[in-house]
Amino acid sequence: MTEISTASRRPLWQGFMPPLFVLLWASGFVVTKLGVAFAEPFIFLFYRFAIATLLLLGIALITGAPWPRSRRYVGHIAVAGLLLQGTYLGGVYAAIDLGIPAGVSALIVGMQPVLTGVVVGPLLGERVSGKQWLGLGLGFIGIMLVLWQKLNFDSAHLAGIAWNVVGLLGITAATLYQKKYCSDLDWRSGGFIQYFAAAVACFAMTFITGETGAIDWTPEIFVAYAWLIFVLSIGAVSLLGWLIRRGEASRVASVFYLVPPTAALMGWLMFGETLGPLALLGMAAAVAGVALVMRK
């Protein structure tokens with residue numbers, strides 16, 4: 001009875017916050033495509049992370065955010081940042097730079113709940129339900145259908161898919177690592193450490209991948225940076241923290257599988273990216289698979 005009355009007292013606008021977070025998250029794939037048209041992926045990410053690092057440092061100092069109490073904990077936060085920001089976003093940026101559509105990229109890395117719940121779960125002693133196994137099968141079939149029409153043996157295309165898989169492995173490892181070692185980090189001070197570690201890694205990747213470091217400073221790239229830094233790195237992350245503090249994280253999870261189709265719709269509106277009937281069927285199957293795995 002108390003739970004019902006509490007829900008009835010909840011402001012109506014709070015119900016729109018989880019879908020808003022998912023909408024913002026999906027926009028990152030499309031805005032990334034806008035940005036990498038004028039800069040190579042890792043130098044583009046380096047500047048994004050460097051600016052976000054300075055902003056979060058200022059926010060942490062001004063608001064009096066708590067800082068990690070030990071070097072060991074700082075190290076754990078940095079590793080989580082390398083996996084989440086560096087490996088996950090680095091893989092996505094490199095894939096989109098190589099021509100992978102925003103919706104397809106979002107779909108591949110969106111399999112993270114499936115990979116975590118079904119493949120990695122048993123390694124941690126967690127029981128996998130029949131619905132989760134069904135979700136795994138639907139997700140795999142869905143991705144194959146999406147890629148079938150676009151799959152070719154062009155080296156750039158295959159490299160783009162490989163980078164997406166790297167991003168998928170990165171966000172899966174980051175989820176498990178952060179949950180185990182630094183689940184209670186503050187988004188301000190912890191975010192500063194994570195973005196700093198990711199910025200260093202991306203700067204190193206510019207040399208490893210042979211990037212020239214050149215950026216075409218057009219109005220479009222300023223728009224991309226403004227959106228990715230302020231709306232995503234600061235806004236969406238702080239919104240997620242706000243939702244978690246109010247016990248709304250489960251509602252975010254319940255609609256998170258809508259990110260790939262939302263990104264695909266945005267990609268169609270902004271860049272004319274299209275998916276054929278078979279690919280759309282695959283998108284629906286993959287989304288259903290993730291939904292099954294995420295249902296508890």
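**Exercise 1. At what angle do helix H3 (residues 41–63) and helix H4 (residues 71–97) pack, and how far apart are their axes?**

The model is a predicted one, in which local features need pLDDT of at least 70 and side-chain atom pairs count only at pLDDT 80 or more, whereas totals for chains, interfaces and linings use all residues. Residues are numbered from 1 along each chain as its sequence is written, and side-chain values use heavy atoms, with hydrogens and water left out.

Step 1. Two packed helices are described by the angle between their axes and the distance between the axes. Axes are lines fitted to C-alpha atoms, for helices over the stretch in contact, and angles run from 0 to 180 degrees between N-to-C directions.

Step 2. For H3 and H4 the angle is about 135°, and the axes lie 9 Å apart. H3 is therefore oblique to H4. Angles under 35 degrees count as roughly parallel, over 145 as roughly antiparallel, 65 to 115 as roughly perpendicular, and the rest as oblique.

Step 3. The crossing of H3 over H4 is right-handed (the near helix is turned clockwise from the far one by less than a right angle; anticlockwise would be left-handed).

**Exercise 2. Describe how H4 crosses helix H9 (residues 189–208).**

Step 1. The axes of H4 and H9 come within 7 Å and cross at roughly 60°. H4 is therefore oblique to H9.

Step 2. H4 passes H9 in a right-handed crossing.

Step 3. These helices belong to a protein with 13 helices and zero strands. Helices (H or I, at least four residues) and strands (E, at least two) are DSSP runs, numbered from the N terminus.

**Exercise 3. Identify the two salt bridges of the structure and state the burial of each partner.**

Step 1. Side chains of opposite charge can pair when their charged atoms come close. The criterion is a side-chain nitrogen of Lys or Arg within 4 Å of a carboxyl oxygen of Asp or Glu.

Step 2. Lys33 and Glu273 form one salt bridge, with their closest N and O atoms 3.3 Å apart. Lys33 lies in helix H2 (residues 17–35) and Glu273 in the loop between H12 and helix H13 (277–294), so the pair ties together parts that are 240 residues apart in sequence.

Step 3. Lys33 is partly exposed at 21% relative accessibility, whereas Glu273 is buried at 14%. Buried means under 20% relative accessible area, exposed over 50%, and partly exposed in between (1.4 Å probe, protein chains only).

Step 4. Asp186 and Arg188 also form a salt bridge, their closest N and O atoms being 2.7 Å apart. Asp186 is buried at 17% relative accessibility, and Arg188 is buried at 17%.

**Exercise 4. Which residue lies 5.9 Å from Val114, C-alpha to C-alpha?**

Step 1. Val114 is located in helix H6 (residues 112–120) and is buried, with a relative accessible area of 4%.

Step 2. The residue is Val293, 179 residues away along the chain.

Step 3. Val290 lies in helix H13 and is buried, with a relative accessible area of 3%. Its C-alpha atom is 10.0 Å from that of Gly137, across 153 residues of sequence.

**Exercise 5. Which residues make the nonpolar surface patch of about 530 Å²?**

Step 1. The patch is made by Leu265, Trp268, Leu269, Met270 and Phe271. Patch residues have over 30% relative accessible area and no salt bridge; nonpolar side chains (Val, Leu, Ile, Met, Phe, Trp, Tyr) are joined within 5 Å, like charges within 9 Å.

Step 2. Leu269 lies in helix H12 (residues 259–271) and counts as exposed at 60% relative accessibility.

Conventions. Accessible areas come from the Shrake-Rupley method with a 1.4 Å probe; for residues, only the protein chains shown count as cover.
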